[in-house]
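Biologist: Please take a close look at one part of this model for me. I would like to start at the metal site and then see the pocket.

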Amino acid sequence: MQLQDLYRDLILDHNRHPRNFGRLGAPARQALGHNPLCGDQLTVFVRLEGEKLADVRFEGSGCAISTASASLMTEAVKGKDRATVGALYDQVHALLTEDGAQPDASLGKLAALSGVREFPARVKCATLCWHTLNAALGEGSATVSTE
Ligand code: ZN
């Protein structure tokens, strides 16, 4: 099986069966993200324990890329501290926007998003959940738009 096929199957699977989907009760922080270009809308919930993201969930509706990206993100960041999450975001952003960027082994399944780079119009679909997570963590407004 080709790597690209594996990545595509991973995206399809996370779109069909999103992980950590649903609301998170208080005392969770939350933020709403919107990508008007595609119509993707999602809310990210996060419960912090000190610097650690003890729990992360999301809900909303959007295209396959936005849903799969949010699902993969929640799996990747849950249990990590803020600094690690910030570093992961930087890597994902580079993977999505820099020609020829190779996924680092530490990205794990997030590497599946590398295929999105071939479709520049969909990059905002993939980054929406990360911007929304940053907003929920208090690094920006509680409502974000990719515009
Ligand atoms: Zn989208």
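Modeller: What follows covers the zinc site and then the largest pocket. Keep in mind that this model is predicted.

Start with the zinc ion. Its donors are the SG atoms of Cys38, Cys63 and Cys125, along with Asp40, which is listed twice through OD. The coordinating distances run from 2.2 to 2.6 Å. Along the sequence, the donor residues follow the spacing C-x1-D-x22-C-x61-C. Cys38 and Cys125 tie distant parts of the chain together, 87 residues apart. Cys38 sits in the loop between β1 (29-35) and β2 (40-49). Cys125 belongs to helix α4, residues 123-136.

How do these two cysteines stand towards the surface? Cys38 counts as partly exposed because its relative accessibility is 36%. Cys125 has a relative accessible area of 0%, so Cys125 is buried; the cut-off for that is under 20%.

Now the largest pocket. Its volume is about 260 Å³. Helix α1 (3-16) and helix α2 (64-77) each bring at least two residues to the lining. The top contributor is α1, with five residues. The lining includes Gln4, Tyr7, Arg8, Ile11 and Leu12. Ala64 and Ile65 are also among the lining residues. Further along the chain, Ala112, Gly115, Val116, Phe119 and Arg122 line the pocket too.

What is the chemical make-up of that lining? Eight of the residues are nonpolar, two are polar and two are charged. Gly115 falls in the polar group under the classification used here. Arg8 and Arg122 are the charged ones.

Key. Residues are numbered from 1 along each chain as its sequence is written. This is a predicted model: local features need pLDDT of at least 70, side-chain atom pairs count only at pLDDT 80 or more; totals for chains, interfaces and linings use all residues. Side-chain values use heavy atoms; hydrogens and water are left out. Donors are N, O and S atoms within 2.8 Å of the metal (3.2 Å for Na, K and Ca); water is not among the atoms, so sites may look incomplete. Helices (H or I, at least four residues) and strands (E, at least two) are DSSP runs, numbered from the N terminus. Buried means under 20% relative accessible area, exposed over 50%, partly exposed in between (1.4 Å probe, protein chains only). On a 1 Å grid over the protein atoms alone, a cavity is a set of points where a 1.4 Å probe fits but cannot get out, and a pocket is an open set with protein on both sides within 12 Å along at least five of seven lines; lining residues have an atom within 4 Å of a point. Grid points are joined across faces, edges and corners, and a volume is the space filled by probe spheres set on the points.
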